[in-house]
Amino acid sequence: MAFAIELLNITKGFPGVIANNDVSVHIKEGEIHGLLGENGAGKSTIMNILYGMSKPDEGKICLFGQAVEFQSPMDAIRQGIGMVHQHFMLMPDETVLRNIILGWTPKKGICIDEKRAVAEINDIMEQYGLKVNLKAKINQISVGEKQRVEIIKALYRKVKILILDEPTAVLTPAETDSLLDIMRRLKEQGCTLIFITHKLREVMDVTDNVTVMRKGVVTGFGPTSEMDITKLSRLIVGKEVSTKIPMEKFHPGDKKVLEMKHVSTARRPGRMPLKDVSLVINEGEIVGVAGVDGNGQTDLGEVIAGLIPAESGAVFLDEKDVTRDSIRKRRKKGLSHVPEDRLKTGAARDCTISENLMLNMYNEKPYSNKSVMNQKEVLQTSEELCEKYLVKTPDSNYTIGTLSGGNMQKVVVAREFSSSPRLLIAAQPTRGVDIGATQYIRTKIAELRDSGKGILLISAELEEVMAMSDKIVVIYEGEIVAQFKRGEADEYEIGEYMLGSKRQEVLYGN
Ligand SMILES: Nc1ncnc2c1ncn2[C@@H]1O[C@H](COP(=O)(O)OP(=O)(O)OP(=O)(O)O)[C@@H](O)[C@H]1O
Ligand SMILES: [Mg+2]
């Protein structure tokens, strides 16, 4: 079988780091090719090169046997390459429709033929079971929906080669299953797919061949049928990785770290508001929120953190009413928050890694004295945090935007976990994070719980919620519809509550 893509001896450097060092990847026509590797291994870099977004320092690209040189993504798009980026490239103030047809607009005379575009997009949505409201603005839709927009956009351009850079990181298990189905269907139709993911089960499930990278070089490749999860993780990390989370026995304290009493939030475009939510988290307890994305999880995290107000009801931190307190005040009282959208609310994009790590503490001793920053202390602490939380960067003085996706997430986690919280809200804490660092973050959450902190774990991964939580609440259409202790229900039962086909009669606080 001919190769659809040959990436030959690609080298690409950035200041202080060689992101790709003589990397060669061969991808057969009509296959699903898994591209794997730790955070910062160089996966997005080489795919950006293939998509014409950046130029390699050395090496060449062949498409269907022909050498090509792209000056911009437009050249790649013309050759039938589509890319769903790790961090979406959509225009937030424009509608879904405009985003999809941008640069690819059907015309009627000199006017845009929107009707034709809508008909074609509706066809695609129907054919692949992808649903989004074309009239909604991007800034009003959930991350899962943005993902769908990116995929529809690629399909609309009739791609022959589709690059998917961690598409499942933001999807729920059901959405993931349907994306994997879409990928299989595209393959049947002759499309060649490159699939980046940290979830090895997905790799085993859907790919034909894999290439594994570590620190900018290829460490292994071959047919998926000759791989298994242990072999893959060894190629990715370079050694065995355990997936056990060391959790001490559950010893919750009596004190309530968080209490929500009948909290409702206002309706916002693209958001599911909370309806009469009551919830308690004790000291030394992890409460996990299970639910299909878009059922109020975002409002739940944000109303506790103070990013949005409660319309009615009250929020208590350490038994003190904080309902009207500002974000800063709540944080002073011991609240930490890893928000679900690391780029929007988790990090200041134009600031350095060090500044992002110190956002909580820069104005406190020993980091500043009488409004003068002590750069030495700041740098030392940042470097320590980067090392501890496995943030891969040559220097914490680089802007956070130069980091790979997973490493940005680790910066946010490092800042929030290290501020000795009383209550930690961890929304999708391991999203986009590689297997080694995921294990580290989960272990840290367990440690925080064992040292008496209260933790609210919001995760689209039911497996993560079930493995970590002492108590599980199920959220459906903005309401808490069920509550279980660890081990009381299996994933199928929880699934029924998540889909709204069942609800418990009596819940805490009602
Ligand atoms: N624009 C840039 N400027 C400076 N350094 C960069 C830039 N883009 C990437 N890098 C660096 O190149 C290396 C590879 O990054 P890349 O984004 O390709 O990793 P990745 O394998 O996609 O990781 P992840 O799984 O976290 O997404 C990292 O060390 C990153 O910090
Ligand atoms: Mg990446």
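Trainee: What makes the pair formed by Gly406 and an oxygen atom of ligand 1 a polar contact?

Mentor: In this predicted model, a backbone N or O atom of Gly406 lies 2.8 Å from an oxygen atom of ligand 1. A polar contact is a pair of N or O atoms within 3.5 Å, so the Gly406 pair, at 2.8 Å, qualifies. Of the accessible area that ligand 1 has on its own, 640 Å², the protein covers 85%.

Trainee: Which elements supply at least two residues each to the shell around ligand 1, and which gives the largest share?

Mentor: Strand E2 (17-28), H1 and helix H14 (405-417) each supply at least two, and the largest share, 3 residues, comes from H1. The shell holds 19 residues, the closest being Gly40, Lys43, Thr45, Ser404 and Gly406. Sorted by class, the shell has 11 polar, 5 nonpolar and 3 charged residues.

Trainee: How do you know where ligand 1 lies with respect to domain 1 and domain 3?

Mentor: Residues of the shell come both from domain 1 (3-237) and from domain 3 (352-419), so ligand 1 is placed between these two domains.

Trainee: What makes Ser44 and Gln86 donors to the magnesium ion?

Mentor: The OG atom of Ser44 and the OE1 atom of Gln86 coordinate the magnesium ion, ligand 2, at 2.1 to 2.2 Å. A donor must be an N, O or S atom within 2.8 Å of this metal, so both oxygens pass; water is not among the atoms, and the site may therefore look incomplete. Ser44 belongs to helix H1 (residues 43-50), whereas Gln86 sits in the loop between strand E6 (81-84) and helix H3 (96-101), so the pair ties together parts that are 42 residues apart in sequence. Ser44 also has a polar side-chain atom 2.8 Å from an oxygen atom of ligand 1, and for Gln86 a polar side-chain atom likewise lies 2.8 Å from an oxygen atom of that ligand.

Trainee: Why is Ser44 called partly exposed, and is Gln86 buried or exposed?

Mentor: Buried means under 20% relative accessible area and exposed means over 50%, so Ser44, at 21%, falls in between and counts as partly exposed. Gln86, at 17%, is under the 20% limit and is therefore buried.

Trainee: How do you know that H1 is largely enclosed by the rest of the structure?

Mentor: Of its 8 residues, 6 are buried, and this is why H1 is described in that way. The buried ones are Lys43, Thr45, Ile46, Met47, Ile49 and Leu50. After H1 comes Gly52, whose phi is positive, near 80°.

Trainee: What makes the phi values of Leu390 and Gln428 worth remarking on?

Mentor: Most residues other than glycine have a negative phi. Leu390, however, has a positive phi near 60°, and the phi of Gln428 is positive as well, near 50°. Leu390 lies in the loop between helix H13 (375-388) and H14, while Gln428 lies in the loop between strand E21 (423-427) and helix H15 (435-450).

Trainee: Why is Leu390 called partly exposed, and is Gln428 buried or exposed?

Mentor: Leu390 has a relative accessibility of 35%, between the limits of 20% and 50%, so the term partly exposed applies. Gln428, with a relative accessible area of 6%, is under 20% and is therefore buried.

Methods. Residues numbered from 1 in each chain as written. Chains lettered and ligands numbered in written order. Predicted model: local features only at pLDDT ≥ 70, side-chain atom pairs only at ≥ 80, totals over all residues. Heavy atoms only, no water. Donors = N, O, S within 2.8 Å, 3.2 Å for Na, K, Ca; no water. Helix = DSSP H or I, 4+ residues; strand = E, 2+ residues; numbered from the N terminus. Buried < 20%, exposed > 50% of the residue type's maximum accessible area, 1.4 Å probe, protein only. Near = heavy atom within 4 Å. Polar contact = N/O pair within 3.5 Å; in protein donor to acceptor, adjacent residues only side chain to side chain. Areas by Shrake-Rupley, 256 points an atom, 1.4 Å probe, with all protein chains shown as cover. Nonpolar A, V, L, I, M, F, W, Y, C, P; charged D, E, K, R; others polar. Domains from an automatic or database assignment.
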